[in-house]
Amino acid sequence: MQTKKYKEWRENVYKRDNYTCLKCGQKGYKLNVHHILSYSEYKNLRTNIDNGITLCENCHKKFHKLFGFYDFDKNDMNTFLKGDD
């Protein structure tokens, strides 16, 4: 269950990123907010706006396929954003 604070965090990340996937540029359709530092590893940063990035559903799945679901960090995100896939 998502808390009010978590929902506000998601909405704030979407707004900051102009409802646009920061990997492929898709705008306003099937978007996800992704935690830059792992949700499970960095509990204190779960609702920190600087720990969120907007990705479309496809790019979000690609990220997790490449870097897994638990132990990823800012360097992994930077590598992903700069990649050609």
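**Figure 1. Close-up of the Arg16–Asp17 salt bridge in the predicted model.** Arg16 is partly exposed, with a relative accessible area of 39%. Its salt-bridge partner is Asp17, and the closest N and O atoms of the two residues are 2.9 Å apart. Asp17, by contrast, is buried, at a relative accessible area of 7%. The whole structure shown here and in the following views is a predicted model. Two salt bridges are counted in this model; the other one, between Glu57 and Lys61, is the subject of a later view.

**Figure 2. Helix α1 and its two faces.** Helix α1 covers residues 4–16. At 1.5 Å a residue, the 13 residues of α1 should span 18 Å, and the end C-alpha atoms of the helix are indeed 18 Å apart, so the expected and modelled values agree. Tyr6, Trp9, Val13 and Tyr14 are the buried residues of α1. They cover an arc of only 135° around the axis and therefore lie on the same side of the helix. The cover over these buried residues includes strands β1 and β2. Lys4, Lys5 and Lys15 are exposed on the face of α1 that is turned away from the buried side. Just after the helix, Asn18 adopts a positive phi of about 60°.

**Figure 3. The antiparallel pair formed by strands β1 and β2.** Strand β1 comprises residues 31–35 and strand β2 residues 52–56. The two strands pair in the antiparallel sense, over five bridges. His35 has Gly52 of β2 as its bridge partner. Strand β1 is mostly covered, with four of its five residues buried. Both strands help to cover the buried residues of α1, and both also pack against the buried residues of α2.

**Figure 4. Surroundings of Leu37 in the loop between β1 and β2.** Leu37 belongs to the loop that lies between these two strands. With a relative accessibility of 12%, Leu37 counts as buried, because this value is under 20%. Leaving out residues up to four places away in sequence, Leu37 touches Tyr42, Leu45, Asn51, Phe72, Asp73 and Lys74. Leu37 and Asp71 are 34 residues apart in sequence, and their C-alpha atoms are 8.2 Å apart in space.

**Figure 5. Helix α2 and the elements packed against its buried face.** Helix α2 runs over residues 57–67, and Cys59, His60, Phe63 and His64 are buried within it. Seen down the axis of α2, these buried residues fall within an arc of 135°, so they line one face of the helix. An α-helix has 3.6 residues a turn, so residues three or four places apart point the same way. Strands β1 and β2, together with helix α3 (74–82), are the elements against which the buried residues of α2 pack. The exposed residues Lys61, Lys65 and Leu66 are found on the other side of α2. Gly68, just after the helix, takes a positive phi of about 80°.

**Figure 6. His64 and its contacts.** His64 lies in helix α2. This residue counts as buried, at 11% relative accessibility. Apart from neighbours within four places in sequence, His64 is in contact with His34, Phe69 and Phe72. Phe72 is also among the residues that Leu37 touches.

**Figure 7. The Glu57–Lys61 salt bridge on helix α2.** Glu57 forms a salt bridge with Lys61, and the closest N and O atoms are 3.8 Å apart. The two residues are four places apart in helix α2, so about one helical turn separates them. Side chains of opposite charge can pair when their charged atoms come close. Glu57 is partly exposed, with a relative accessible area of 29%, whereas Lys61 counts as exposed, at 55% relative accessibility.

**Figure 8. The largest nonpolar core.** This core holds 16 residues, of which Cys21, Leu55, Cys59, Met77 and Phe80 touch the most other members. Helices α1, α2 and α3 and strands β1 and β2 each supply at least two residues of the core. The greatest contribution, four residues, comes from α1. Cys59, one of the buried residues of α2, touches Cys21, Lys23, Cys24 and Phe80, not counting residues up to four places away in sequence.

Technical notes:
Residues are numbered from 1 along each chain as its sequence is written. This is a predicted model: local features need pLDDT of at least 70, side-chain atom pairs count only at pLDDT 80 or more; totals for chains, interfaces and linings use all residues. Side-chain values use heavy atoms; hydrogens and water are left out. Buried means under 20% relative accessible area, exposed over 50%, partly exposed in between (1.4 Å probe, protein chains only). The arc is that of the directions from the helix axis to the C-beta atoms. Contact means heavy atoms within 4.5 Å. Two strands pair if DSSP finds at least two bridges between them. A nonpolar core is a set of buried Ala, Val, Leu, Ile, Met, Phe, Trp, Tyr and Cys residues joined through side-chain atoms within 4.5 Å. The expected span of a helix is 1.5 Å times one less than its number of residues. A salt bridge is a side-chain nitrogen of Lys or Arg within 4 Å of a carboxyl oxygen of Asp or Glu.
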